[in-house]
Amino acid sequence: MWRARSGRVCGAFLVLVVVVFSTDVHARPANMSALKEKNPSSKEDNEILPPDHLNGVKMEMDGHLNKDFHQEVFLGKEMEEFEEDSEPRKSRKKLIEIFTKVDFNKDKSVSAKEMQRWIMEKTEEHFQEAVRENKLSFRAVDPDGDGHVTWDEYRVKFLGSKGFNEKEVAEKIKNNEELKVDEETQEVLESLKDRWFQADNPPADQLLNEEEFLSFLHPEHSRGMLRYMVKEIIRDLDQDGNKELTLSEFISLPMGTVENQQAQDIDDDWVRERKKEFEEVIDTNHNGIVTMEELEEYMDPMNEYNALNEAKQMIAVADENQNHSLELEEILKYSEYFTGSKLMDYARNVHEEF
């Protein structure tokens, strides 16, 4: 995984304390890339660096739960229409339109099967968006247009995005000269190189074509790269090295103390959410251990069984009349869960608009 593992690099206690207290309160307990923090991603960075966040995938690259997952699989590419500053009436109207599409058999209610079908469609939208973006990204790192990218070509573009002179870097690589980069950048490069060769399908030729480059940027598009991503997450969280996760490992917080009650409350919420996800969703056989296989199934965005379970969970949140399906009024009332936006006056004239 491309990020720097600060916990493995920083040996001194003082450095560890700085890392803990400078980390965003929502970024626990992952080892966030120091390089990423110092250099906020520009558009060019986003084109060629594997993103930490993957739309429609339940967990982030750094092991965090995807807090926007419900919205991503319910709204798909229409998420932007429900931004915080969106006009409530317009958002409400859009949500009604979505309800009519999810209600495939037009019985004015949404069943688990209908929601499952919708989730799979929205996930496919995210997949296709990643494919479109990858075409632009691949073009950016394949300047000669030969349809293949070498590790050296990618390395030049990556360092160029970090402020290095591309011509000078290319010349040094050509002459096998040492590249003088700081320790953090070197660590990111080593992680990227490992990921690069994982994405190189057999027979390995140390070149990535457009499809392999898609797997490099978006591991959810390849079973092999998804497995690699799972191994990386487990390696970061696994404290005893047995390649499995206990509940305590999955919910553990970084060393250090919280600064105030607000931070303590955030920690408590974070632990509570992960405990619930571990026990109710990821640990499928409920033996208190999450294996690589269980985590891989959980992470797979195209797993239809997961989509059905997700559909049932989403319905349960808003199913006030307990009929195991959702009516329009229920979705509008719980709009914040489905869209991230709270729609006031949700009940007004619902039937007239519908």
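This passage walks through the overall make-up, the nonpolar cores, the salt bridges and a few local details of a predicted model.

The protein chain holds 19 helices and four strands. Of its 354 residues, buried residues make up 47%. The chain exposes about 18,800 Å², and carbon and sulfur atoms supply 50% of that area. Contacts across the sequence are well represented too: among those between residues at least 6 apart, 64% join residues at least 24 apart.

A good place to begin looking inside is the largest nonpolar core, which has 28 residues. Within this core, Phe74, Met115, Leu326 and Phe338 have the most contacts. Two or more residues each come from α5, α6, α7 (112-141), α16 (304-318), α17 (328-333) and α18 (335-339). Helix α16 gives the largest share, six residues. Leu326 is a handy residue from which to view the surroundings. Setting aside neighbours within four places in sequence, its contacts include Phe99, Val110 and Met115, along with Met314, Ile315, Ile331 and Phe338. Leu326 also touches Lys108, Ser109 and Asp319, which are among its other partners. Apart from this core lies another, of 25 residues, with Ile48, Leu49, Phe158 and Leu217 among them.

Turning to charged side chains, a search of the whole structure finds 21 salt bridges. One of them pairs Glu277 with Lys58, with the closest N and O atoms 3.9 Å apart. Glu277 belongs to helix α14 (residues 261-282), whereas Lys58 sits in the loop between α4 (43-48) and α5 (69-75), so this salt bridge ties together parts that are 219 residues apart in sequence. Both partners, Glu277 and Lys58, are buried.

Other salt bridges lie within a single helix. In helix α6 (residues 88-102), Glu97 and Lys94 are three residues apart, and therefore about one helical turn separates them. Their closest N and O atoms are 3.6 Å apart. The two partners fall into separate accessibility classes: Glu97 is partly exposed, with a relative accessible area of 37%, while Lys94, at 14%, counts as buried because the cut-off for buried is under 20%.

Helix α8 (residues 151-161) offers another pair, Asp152 and Arg155, again three residues apart and about one turn of the helix from each other. Here the side chains meet in a salt bridge with an N to O distance of 2.6 Å. Asp152 is partly exposed, its relative accessible area being 32%. Beyond these pairs, a network of salt bridges links Arg223, Arg227, Glu296, Glu297 and Asp300.

A few local details round out the picture. His218 is found in the loop between α11 (210-217) and α12 (223-237). With a relative accessible area of 12%, His218 is buried, because this value is under 20%. Not counting residues up to four places away in sequence, His218 touches Pro51, Leu54 and Ala130.

Both ends of helix α9 (residues 166-174) also reward a look. At its start, a side-chain oxygen of Asn165 reaches to within 3.0 Å of the backbone nitrogen of Lys167. Just after α9, Asn176 takes a positive phi of about 55°.

Definitions and conventions:
Residues are numbered from 1 along each chain as its sequence is written. This is a predicted model: local features need pLDDT of at least 70, side-chain atom pairs count only at pLDDT 80 or more; totals for chains, interfaces and linings use all residues. Side-chain values use heavy atoms; hydrogens and water are left out. A salt bridge is a side-chain nitrogen of Lys or Arg within 4 Å of a carboxyl oxygen of Asp or Glu. Buried means under 20% relative accessible area, exposed over 50%, partly exposed in between (1.4 Å probe, protein chains only). Contact means heavy atoms within 4.5 Å. A polar contact is a pair of N or O atoms within 3.5 Å; within protein, one must be able to donate a hydrogen and the other to accept it, and residues adjacent in sequence count only if both atoms are side-chain atoms. Accessible areas come from the Shrake-Rupley method with a 1.4 Å probe; for residues, only the protein chains shown count as cover. A nonpolar core is a set of buried Ala, Val, Leu, Ile, Met, Phe, Trp, Tyr and Cys residues joined through side-chain atoms within 4.5 Å.
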